[in-house]
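Please look through the structure below before reading on. The report that comes after it is meant to be followed with the model open.

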Amino acid sequence: MSTETLEGRTVLITGAGAGLGRGVALAAGRAGAHVIVTSLGENGRETAEAIVAAGGLATWIVCDVTDRDAVERAVAEAVEVSGRLDGLVHNAFARPRFDDPRASSVAELPFELWQHEVSVALRGAYHCATAGFPHLRDSRGRLILLSSTSGVEGTPTQPAYAACKGAIRAMTKSLAREWGPLGITVNAVSPYVTTPSFDAWWDKNPELKAEGEALTVLGYIGDPLRDAGPPFVFLLGAGSHYLTGQTFFIDSGRYLSY
Amino acid sequence: MSVEVQSSTRRESGERLAALNVLVSAPPALSGKLETGLTQLGCAVATIPAAAAPRDREAAAATVAVHAERLGGLDALVHAPHVADLAPRGLVEIDAEVWARWAEAPIWEALVLFQAAYAGFGPAGGSIVAALPSLALTGAADLVPLAAAAEGIRQLAKSAARAWGCQGTRVNCLTLPIDEWGVQAARPVPNRYGASLPGVNAPGELAGAVAMLISPFARGVTGATVGLDRGTVLAP
């Protein structure tokens, strides 16, 4: 695990009930952070309980990132219970709409499916950034947004996702410039790890998992806690103070064209 | 000026740039330069006024159909995002409504135009060029929404390039100085070298780069980003 300590720090992670968000939350908890676990559903409670059961400190808050007031309440509660906010990871993403083929069509994507993606990924990033700003300014903290290789090289089957993730990379660079003089660092992470969504997809299409693994240099698709947790902890910690505006590909060497 | 391309297929053989019908959708100043330059190169050009830019799929389809009929067919779309009241402001100074209008709406509006153009091209396909501010590649303080919109559109363009290439439609991007949008960065992006080329983009230079991308000369180019910022941002 990471040697970075997050003792004395409070980090808020959206979409932390499962998948990558849960892995990052557990890793941050093990590193000593007070983890504010936010989730849309009940699964955030399980993440928080797991952190506490391991000897860590966690607070679970239900939060719909598409709702500005909900995000502001979550941030306010985080500061109320811990006295500070040092890091904010906007990890929540819209549940893929595999049920509607128009979601995967650049030519046919309708507004409601576009909004489904944008409201969580991009509007959610705006909500998190603006709600977290005054506290991150006070702590000279860390904002981490989630991007994707789809936001760098496009994808023919997830146009809304690609657009949002590209927008988030530009938002990351721009906010890094805007907030850098205040001591806030802003970075993006492009992960490639197993998640419940991936697992469900691979259960139906096992050949695709082998194809996905073949795209990696290390030959496997990582685990959210074991493989993605440590680099996230580093980015949330004091040791990353000199890094900002970057996109970190935590992906087993899958994408090397950057 | 006309461009002769020697090749063996019907579409490529003896094709002249003069034969290309181009629809332009861009902010007023940029639109005027593109129209002037492309017309000088021999293209037939129709322009969607910025105030009439379609906001949804139905309006975009109708708008593109009208212009395609007027032009006698559509070969290319050149689109640059238009944000009417854009001004440099810190992110925390703008509310959600402004964020939606400055960052999210331009991406959606680009998509509906791309979709309409794709549907309006002939069976041999066509070409789309997205003209975007180059500062989105490097990030820009106080212009977070515009940078986000531009990079969102660029990734949308790459996605469309991947999806539509097999139907003969190509999608590429041009990156231009932010001045083309009538906006000055409040805090200019530090650049050790500045612009490599002196001057500003003339209509002919803008149109020349567009023409290069939409012409059969570039039939192997899609999903690419060409910098037309006089050599300022030399990012990959």
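The following paragraphs describe a strand of chain A with its partners, and then the contact between the two chains. The model is predicted, and the text should be read with that in mind.

Strand E1 of chain A covers residues 10-13, and its side chains fall into two sets: Thr10(A) and Leu12(A) point one way, whereas Val11(A) and Ile13(A) point the other way, and all are buried. Such a pattern fits the general behaviour of regular strands, in which side chains alternate between the two faces of the sheet.

E1(A) pairs with two strands of chain A, E2 and E4, as set out here.

| Partner of E1(A) | Residues | Sense | Bridges | Residue opposite Leu12(A) |
|---|---|---|---|---|
| E2(A) | 34-39 | parallel | 4 bridges | Ile36(A) |
| E4(A) | 87-90 | parallel | 3 bridges | Leu88(A) |

Leu12(A) therefore serves as a useful landmark when tracing the strands, since Leu12(A) stands opposite Ile36(A) in E2(A) and also opposite Leu88(A) in E4(A). Helix H1 of chain A, residues 19-30, joins E1(A) and E2(A) in a right-handed β-α-β unit.

Turning to the contact between the chains, 39 residues of chain B are in contact with 36 residues of chain A. On the side of chain B that touches chain A, helix H3 (96-120), helix H4 (135-138) and helix H5 (144-164) of chain B each supply at least two residues, and the largest share, 17 residues, comes from H5(B). By residue type, this side of chain B divides into 23 nonpolar, 8 polar and 8 charged residues.

Definitions and conventions. Residues are numbered from 1 along each chain as its sequence is written. Chains are lettered from A and ligands numbered from 1 in the order in which they are written. This is a predicted model: local features need pLDDT of at least 70, side-chain atom pairs count only at pLDDT 80 or more; totals for chains, interfaces and linings use all residues. Two residues are in contact if their C-beta atoms, placed from the backbone, lie within 7 Å. Ala, Val, Leu, Ile, Met, Phe, Trp, Tyr, Cys and Pro count as nonpolar, Asp, Glu, Lys and Arg as charged, and the others, Gly among them, as polar. A residue is buried if 20 or more other C-beta atoms lie within 10 Å of its own, exposed if 12 or fewer, and partly exposed in between; C-beta atoms are placed from the backbone. Two strands pair if DSSP finds at least two bridges between them. A crossover is right-handed if, with the strands pointing away from the viewer, the path from the first strand over the helix to the second runs clockwise.
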